[in-house]
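Q: I have a new model open and would like to learn how to read its fold. Could you take me through it step by step?

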Amino acid sequence: MVKICSRCKQNIEKCKCEVPVYTAFYRDGLMKELTEDYKYQSIRGLDKILAEMLDIALPKDFGEAVIVPLPTAPKHIRERGFDHTLRLAKALAKRREAFSFCQVLYRNKNTVQVGANAKTRKKQAKEAYLVKSGAIDANRTYLLIDDVWTTGASMESAIDLMKKAGAKYLAAAVILTAKK
Ligand SMILES: [Zn+2]
């Protein structure tokens, strides 16, 4: 386990990011295979193992948090027969007493990132999500969940939206991060 922040690529202990992105592994080897099997082969039972990896990557004393999955494109949910990020977030929420689950973010429209170039991805990511109105409680901590950090565009746009909607205490966690 690497225990770095995906944003600054520093050891999570040294991360100075306003919103740290807790990261369990680099995207290679067995963990890459497991994460991809879960998502692309629809091996739903891997949710608990992957959630455990997120749990280990997070500080034990993280405290109370609302677990928020990054919304999956409807097209991908249809293709795979399940929403992999939603399931992962729910599995993580079950692991700690102090965690709860809420789908605060939802999909703006059917935008798909795969195959688009970096510039298009960034633009699409900005427009991809919306925050449910009235869903943010400024006193609570929100922990955004995704499986993989690639360019970070999706997570950065989600962080931006949450902040604009009034969230003051924010963090994020992903299983895998791309090496620079
Ligand atoms: Zn950082």
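Q: Let's start with the sheet: how many strands form it, and in what order?
A: Keep in mind that this is a predicted model. To read a sheet, follow which strand pairs with which. Here six strands make an open sheet, in the order S1-S2-S8-S7-S3-S4, and the pairing is mixed. Strand S1 (4-5) and strand S4 (99-101) are the edge strands, each pairing on one side only.

Q: In which sense do S3 and S4 pair, parallel or antiparallel?
A: For the sense of a pair, look at the strand directions and the bridges. Strand S3 (residues 65-69) pairs with S4 in the parallel sense, over three bridges. One to find on screen: Val 66 has Ser 100 in S4 as its bridge partner.

Q: Which strands do helices H1 and H2 touch?
A: Check contacts, then the angle between directions. Helix H1 (residues 29-40) packs on the sheet and touches strand S2 (21-26), strand S7 (141-149) and strand S8 (169-177). The direction of H1 makes about 100 degrees with that of S8. Helix H2 (residues 47-57) also packs on the sheet, touching S2, S7 and S8, and its direction makes about 120 degrees with that of S2.

Q: How many helices and strands does the protein chain have?
A: Count the elements along the sequence. There are six helices and eight strands, following the pattern β-β-α-α-β-α-α-β-β-α-β-β-α-β.

Q: What does the radius of gyration tell me about the protein chain?
A: Compare the value with that for a compact globule. With 180 residues, such a globule would have a radius of gyration near 16 Å, and the 15 Å of the protein chain agrees with this. As for burial, 51% of the 180 residues count as buried.

Definitions and conventions: Residues numbered from 1 in each chain as written. Predicted model: local features only at pLDDT ≥ 70, side-chain atom pairs only at ≥ 80, totals over all residues. Heavy atoms only, no water. Pairing = 2+ DSSP bridges. Helix = DSSP H or I, 4+ residues; strand = E, 2+ residues; numbered from the N terminus. Contact = heavy atoms within 4.5 Å. Axes fitted to C-alpha atoms, helices over the stretch in contact; angles between N-to-C directions. Rg over C-alpha atoms; globule rule 2.2 N^0.38 Å. Buried < 20%, exposed > 50% of the residue type's maximum accessible area, 1.4 Å probe, protein only.
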